[in-house]
Amino acid sequence: MPLADARRTIVTAALPYANGDIHMGHVTSTYVPADIYTRYLRISGQEVVYVCGADEHGTPIELAARERGVDPSEHAEYFRTRQLRDLESMGVHFDSYYRTHSEENRSLTEHFLLRMRENGHIAAEWVQSYYCEKDRKYLPDRFVLGTCPHCGAEDQYSDGCEVCQRALEPGEILKPRCAVCGAPPVTRRTKHFFFKLSGFSDALRAWLKGKKSEDVPAEVVNHVLSWIEGGLRDWDITREDYWGFRLPYPDAGDNQYAYVWVDAPIGYFASFLRWASLHDPKKEAWLKDPGTRLVHFIGKDIVQHHLIFWPAMLMAVSEYVMPSKYVVNGYISLEGKKMSKSRGWYIPVQRATSRYPSDYLRFYLAYKAANATGDSNFSWTEFQDRVNRELADNIGNFIHRVLTFTQNNFEGKVPKPGKLSSIDEQFSRYIDGMPHDLRQSYELCNFSKVVQGLVAAFMVANRYFNDKKPWSAVKSNRSDAATTTYLCLKFVKAAVALMYPIVPVMAERIWEQIGEASLVESRPLAPGTTLGLDAGRPIPKPVPLVSKIEDDKIEEEARWLETQLGMEDEKVTQEIVSIEEFKKIDIRIAKVLEAEEVKGSRNLIKLKVDAGGERTLVAGLAQHYSAKDMVGKQIAIVANLKPAKIFGIESKGMLLAAVDGSKVSLLVVDREVSPGTRVE
Ligand SMILES: [Zn+2]
Ligand SMILES: [Zn+2]
C-alpha cells in the first residue's frame with residue numbers, strides 16, 4: 001500500500017445534531033479519529049482540510065425548541081456553540097465548523113435538488129400525510145407518536161422505533177397521535193417528491209465493489225451490498241410544515257421542505273466552500289476535481305445515509321467528486337454497559353476535559369479507534385492504567401530521562417555519536433524502520449494499532465537505554481555513552497513526530513524541548529524530510545511531561561457516574577406511588593356467583609359476584625376462560641373503580657388478572673376468605 005502522496009484531501013466528520021452536548025462516545029467513534037487522520041496527513045505534507053459543522057434541521061430540534069419556547073435556529077445555535085467548545089476541548093481542530101442552516105448550504109441544496117430533477121431522478125407521487133386539525137399543521141416524523149408496527153413498543157416516533165431500531169416510513173406507525181396536542185391526526189393526500197433511489201442499485205453496487213478494503217471496510221461493503229440486494233425503495237424527500245429548506249420545485253407547495261438527510265451531507269460541501277471562500281476561493285474547485293480525496297468519518301449507525309443515499313445523490317447530480325474513503329467505528333460502551341443519555345450513563349466531554357489533559361484522553365481513545373465496526377468499552381480504570389503505565393512510565397519517563405541525561409552529561413547539546421556497536425546498529429535500523437510501520441497503520445486509520453506500535457517502540461528504546469547503561473559508560477567510555485544518547489535522542493525525535501497526531505499538545509512541547517520549531521510547520525513526515533538529528537544542537541532544559549493519575553481521582557469518576565444514574569432514578573421514583581396513594585385503591589376478594597358470555601361480543605363475560613354485597617362486572621375474558629368455569633372462584637377486583645357501561649351493561653369494578661402476552665391468568669386467593677375481604 002502506498003503511503004499518503006501529495007494529493008489533496010477533504011476530511012469530514014459526521015455533523016453533530018445540534019440538540020445536546022457532546023459525550024465521550026461521539027468523540028471516540030468520530031471526531032478524535034478524524035482529527036488524528038487530518039493531523040497525520042498534514043505533517044505528511046498533504047493539503048488537507050477538516051470540515052464539520054452543526055446539523056440543524058428536522059423535527060427533534062423543532063420539538064425541543066418548542067419546548068424551550070425559542071426559535072429552532074436559536075436552539076440549534078445554542079448547541080452548535082457548546083458542541084464546538086466540547087470538541088475543541090478534546091484538541092479537535094477543525095478548519096471549518098459551519099452549520100447546515102446557512103445560505104451556502106441552502107443554495108447548494110437547491111442546486112442538488114434541481115439537478116437531480118433535471119437529470120430525471122425525482123418522481124412525484126401522491127401520499128397520505130398526517131395532519132392535526134387542532135394544531136392546523138402537518139405532522140412530519142417526530143410530530144407523530146404511536147405504536148411500532150414491528151415490535152409493538154408504544155410511544156415511538158413515526159420515523160423510527162427506539163426499541164427495535166427499525167426505521168419507519170411515513171404512515172407505518174400504529175395508533176398515531178399528535179406529539180403536540182395528543183389528538184389522533186387525520187390523513188391528507190399530498191404530492192410528495194421522491195428521489196428514485198431504486199435506479200441506482202447497479203451503479204452503487206459497481207462503485208462499492210470497486211472500493212479497496214482499506215478505503216471501505218469489507219464488512220461495511222458486504223452489509224451495504226446486502227441492502228442493495230434486498231431492493232432499494234425510492235426515497236421520500238418531502239416534508240410538510242418542517243424546519244428545513246423549502247423544496248425549490250415550482251410545483252411544490254409553499255409548506256413543502258427537503259428532508260433533513262438531504263441537506264445534512266451537502267452540509268459537508270457547504271462547510272468546505274465556506275472555508276475556501278474565507279481562505280482561498282480558487283480552492284472551491286476541489287469539490288469537482290477528481291484529484292481530491294473525500295474521506296468521511298462516521299459511526300456505524302449512519303452507514304445507510306453515507307453509503308447509499310449520499311453517493312446516489314452525488315451520482316444523480318454528477319458534478320462532484322465521489323467519496324474516496326470511509327472510516328467507520330463501532331459503538332463504545334461505558335464500564336461494560338451500553339451508553340445511554342436518557343439513563344444518564346455517559347460521560348460529557350466537558351466533565352472529562354475539565355479533569356484530564358485532552359492528550360491523556362486522546363491517547364486512551366486511540367486504542368478504541370481501530371476503524372472497525374466491532375464495539376469497544378470505555379473504562380476509567382483502564383484509562384488510568386494506560387496513562388500511568390504507558391504514557392507516563394514508558395513514554396514520558398523515557399523522554400524525560402534521555403533529555404535530562406543529555407542536559408547533565410553533554411552540556412545540554414546533542415552529543416556526537418561514536419562508532420556503532422552491533423546493538424547500536426540494530427537500534428539505529430529499528431529507528432529508521434519505525435516510521436514506515438506506523439505510517440501504514442495511520443493510512444489504514446487503525447489508530448489502535450498506531451498507539452500499540454508506539455508503546456512497543458518505547459519499550460524497545462527503554463530496553464536499549466537500560467542495556468547500554470550510559471550513566472555508567474559516561475565515566476568509562478564517554479564515546480559509547482554519546483552514541484547511546486545520540487541514538488535515543490534520534491529515536492525521541494522520530495517517535496514524537498509519529499505521536500503528534502494522537503497527542504498533539506504533548507508532542508509540540510517535546511518537539512520544543514528537543515529544540516525544533518513547530519511540528520505542524522516543519523511537517524516532519526513529508527516526503528524528502530529526514531528525521532535525522534544534528535550533533536551539537538542545543539537541548540533546552542527539560543520539564544516533566546506526564547503526571548500520573550491518582551486512584552482517588554478515578555474513584556471519584558465511579559461515584560460521579562453513580563450519582564448521574566441516581567438522578568435518572570429520581571425520574572423513575574416519580575412513578576412509584578406512596579402508600580397513601582395505594583390505599584386509595586380498594587381491592588377486594590369477590591366470589592363469582594353467576595357468569596355468562598355477553599351475546600354479540602367476542603370476548604366479554606358478565607359476572608355476578610359477592611364482594612360483601614352483590615354487584616355486576618364485565619370482563620374481557622371469554623377468549624381465556626369459559627363462563628361456567630368461573631363460577632365459584634374467589635377472585636380479586638378493584639371495587640372502587642368508576643362504573644363504566646360496557647355493551648350496555650353497567651360494570652361496577654374491574655377484575656384483576658396477570659397478562660403475559662397472550663396468556664391470561666386470573667388472580668385467585670390461596671386460602672378461602674369471606675367475600676368482600678380487603679386486599680392490602
Ligand atoms: Zn419497534
Ligand atoms: Zn395536534
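What follows is a walk through two sheets, a few helices and some single residues of this structure. The model is a predicted one, and that is worth keeping in mind throughout.

A good place to start is the sheet of 5 strands, which is open and runs in the order S3-S2-S1-S13-S14. Its pairing is parallel. At the edges sit strand S3 (96-99) and strand S14 (325-329), each of which pairs on one side only. From one strand to its neighbour, the direction turns by 20° on average, if the sense of the strands is ignored. The link between strand S13 (residues 292-299) and S14 is made of 5 bridges, and these two strands run parallel. One pair to look for here is Ile298 with its bridge partner in S14, Val328.

Helix H1 belongs to this part of the picture too. H1 lies across strand S1 (8-13), strand S2 (47-54), S13 and S14. Relative to S1, the helix runs at about 165°, and an angle over 145 degrees counts as roughly antiparallel.

The other sheet has 3 strands, again in an open arrangement, with the order S7-S6-S8. Here the pairing is antiparallel. Strand S7 (156-157) and strand S8 (174-178) each have a single partner strand, so one side of each has no neighbour in the sheet. Strand S6 (residues 144-147) is joined to S8 by 3 bridges, with Thr147 standing opposite Leu174. Towards S7, S6 makes 2 bridges, and that pair also runs antiparallel. In this case Leu145 faces Tyr157 across the pairing. As for what holds such neighbours together, strands of a sheet pair through backbone hydrogen bonds, either parallel or antiparallel.

Moving on to the helices, H12 gets the fullest look. This helix covers residues 422-443, 22 residues in total. At 1.5 Å a residue it should span 32 Å, and its end C-alpha atoms are indeed 32 Å apart, so the expected and computed spans agree. H12 does have a bend, though: about 35° at Gly433. A proline, Pro435, follows within four residues of that point.

Which residues of H12 are buried? They are Phe427, Ile431, Met434, Leu438, Ser441 and Tyr442. The buried residues pack against three helices, namely helix H1 (24-43), helix H13 (447-468) and helix H15 (478-499). H1 therefore turns up twice in this account, since it packs against H12 and also lies across strands of the parallel sheet.

The pairing of H12 with H13 can be described further. Two packed helices are described by the angle between their axes and the distance between the axes. For H12 and H13, the axes come within 10 Å and cross at roughly 170°, so the two helices are roughly antiparallel to each other. On the H12 side, the residues that meet H13 include Ile423, Phe427, Tyr430 and Met434. On the H13 side, those that meet H12 include Val450, Leu454, Ala457 and Tyr464. Of the helices packed against H12, H15 deserves a word of its own. It has 22 residues and reaches 31 Å from its first C-alpha to its last, close to the 32 Å expected at 1.5 Å a residue. H15 is mostly covered, with 20 of its 22 residues buried.

Another spot to look at is Phe79, which sits in helix H3 (residues 72-89). Phe79 has 21 C-beta neighbours inside 10 Å, and because 20 or more is the mark for a buried residue, it counts as buried. Leaving aside residues up to four places away in sequence, Phe79 touches Ala18, Asn19 and Gly20. Tyr17 is 62 residues from Phe79 in sequence, but their C-alpha atoms are 8.6 Å apart in space.

Finally, a few backbone angles. Most residues other than glycine have a negative phi, and most peptide bonds are trans. Cys445, which follows H12, has a positive phi near 55°. Glu411 is in the loop between helix H11 (380-409) and H12, and its phi is positive as well, near 50°. Glu411 is exposed, with 10 other C-beta atoms within 10 Å. Arg523 has a positive phi of about 45° and lies in the loop between helix H17 (519-522) and helix H18 (551-573). With 16 C-beta neighbours inside 10 Å, Arg523 counts as partly exposed.

Note on methods. Residues numbered from 1 in each chain as written. Chains lettered and ligands numbered in written order. Predicted model: local features only at pLDDT ≥ 70, side-chain atom pairs only at ≥ 80, totals over all residues. Expected span 1.5 Å × (residues − 1). Bend = angle between axes of the 7 residues up to and from the residue. Buried ≥ 20, exposed ≤ 12 C-beta atoms within 10 Å, placed from the backbone. Contact = placed C-beta atoms within 7 Å. Pairing = 2+ DSSP bridges. Axes fitted to C-alpha atoms, helices over the stretch in contact; angles between N-to-C directions. Parallel < 35°, antiparallel > 145°, perpendicular 65-115°, else oblique.
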